Amino acid sequence: SELGVVLVGFSGGQCKDGVDAAPTALVGAGLLDQISDELGYTLHGDSEVHNYNEMRPANDEPHRGMKNPRSVSAVTQKLATQVYEQAKEGRMVLTLGGDHSIAIGTIAGSAKAIRERYQGRKEVAVIWVDAHADINTPETSDSGNVHGMPVAFLTGLATSNEKDVFDWLQDDQKISTSKLVYIGLRDVDRGEKKILRDHGIRAFSMHDIDRHGIGRVVEMALAHIGSDTPIHLSFDVDALDPMWAPSTGTPVRGGLTLREGDYIAECVHETGQLVAMDLVEVNPSLEVTGASETVRAGVSLVRCALGDTLL
Ligand code: DIR
Ligand code: MN
Ligand code: MN
Ligand code: MN
């Protein structure tokens, strides 16, 4: 089958350098070669990493508390087009980030392409695997980092009319809160908890995984989405416990094992509904020990989502 590849060297959605080097590290670890040679995909799109940190406009003062708002807006607007162009060819799309702010673009691209593919009869669903909910509005955010806000913009819970600050995001690029499901949450801000509650958003925390086991949680998450809905899987590597993914900007203890992460990806693949995947927040420069533990985990997650089988 056909796979559109988007390689995003970008770190402007948060404050730590190095997350922009992840696509190069993942490709260097052989991920794309494995996807074509072992998993049999025909690759389209990027063969080189785009340095999106260079897109920074001259004036990028904070807006409503958001840091680098125009940079993130410009990058995600470009990504929305890139992902859309791949998806409209009927290809699955793999995006390697970069920080999680890039999902504003990738999911916008998927949402539009899927609406067009099914003439408005289907909407893309999103499975957001993360320690964090990333659903702060600019007003609820304590950090001002846009990587904590992508879901708010994508669902329309946050909007902007400011020129060059997400004013490009159209209704046909957005998703509905009823088609969103979280897995792995364990560090959710107070304002985010209220948003999740007020909008009845389906979320499986680490507590739910402890109670029901990963098998049942994935089953419930997929049941919520339904069997006829295309799925965009947005996987933040910090969903994994720092034991398996130490090199990430905001590690939180008590996370998924690598096997649990792989299991989620395998199950999403098995549905046959996967249309796009993001892998984000791998930061090779934060590696403490074991030079490529987090990169290896990332390679494994993507392979599983693309149909690598054990037997
Ligand atoms: C926090 C951290 N909720 C924020 N978010 C992170 O900045 O809004 N997301 N690290 O991955
Ligand atoms: Mn390109
Ligand atoms: Mn996170
Ligand atoms: Mn995230």
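**View 1. Strand β8 is covered on both faces in this predicted model.** Ile231, Leu233 and Phe235 are buried on one side. His232, Ser234 and Asp236 are buried on the other. In a regular strand, side chains alternate between the two faces of the sheet. With 6 of its 6 residues buried, β8 (residues 231-236) is largely enclosed by the rest of the structure.

**View 2. Strand β8 pairs with β5 and with β9.** Strand β5 (residues 125-129) runs parallel to β8, over 5 bridges. Here Val129 stands opposite Phe235. Strand β9 (residues 274-280) also pairs with β8 in the parallel sense, over 6 bridges. Asp236 of β8 faces Val280 of β9 in this pairing.

**View 3. Asp130, His132, Asp236 and Asp238 bind the manganese ion (ligand 3).** Asp130, Asp236 and Asp238 give OD atoms, Asp238 being listed twice, and His132 gives ND1. These protein donors lie 2.1 to 2.5 Å from the ion. The donor residues follow the spacing D-x1-H-x103-D-x1-D. Asp236 is buried, because its relative accessibility is 2%, under the 20% cut-off. Asp238, at 1%, counts as buried too.

**View 4. The donors around the manganese ion (ligand 3) are arranged irregularly.** Six octahedral donors would ideally subtend 90 or 180 degrees. The 6 donor atoms here subtend 56 to 170°, so the arrangement is irregular. A second manganese ion (ligand 4) sits 3.3 Å from ligand 3, and Asp130 coordinates both.

**View 5. The largest pocket has a lining of 20 residues.** Its space is about 330 Å³. His132, Ser143, Asn145, His147 and Thr250 lie nearest the centre of the pocket. The lining has 10 polar, 9 charged and 1 nonpolar residues.

Definitions and conventions: Residues are numbered from 1 along each chain as its sequence is written. Chains are lettered from A and ligands numbered from 1 in the order in which they are written. This is a predicted model: local features need pLDDT of at least 70, side-chain atom pairs count only at pLDDT 80 or more; totals for chains, interfaces and linings use all residues. Side-chain values use heavy atoms; hydrogens and water are left out. On a 1 Å grid over the protein atoms alone, a cavity is a set of points where a 1.4 Å probe fits but cannot get out, and a pocket is an open set with protein on both sides within 12 Å along at least five of seven lines; lining residues have an atom within 4 Å of a point. Grid points are joined across faces, edges and corners, and a volume is the space filled by probe spheres set on the points. Ala, Val, Leu, Ile, Met, Phe, Trp, Tyr, Cys and Pro count as nonpolar, Asp, Glu, Lys and Arg as charged, and the others, Gly among them, as polar. Donors are N, O and S atoms within 2.8 Å of the metal (3.2 Å for Na, K and Ca); water is not among the atoms, so sites may look incomplete. Four donors count as tetrahedral if all angles lie between 85 and 135 degrees; four count as square planar and six as octahedral if opposite donors are over 155 degrees apart and all others between 65 and 115; anything else is irregular. Buried means under 20% relative accessible area, exposed over 50%, partly exposed in between (1.4 Å probe, protein chains only). Helices (H or I, at least four residues) and strands (E, at least two) are DSSP runs, numbered from the N terminus. Two strands pair if DSSP finds at least two bridges between them.
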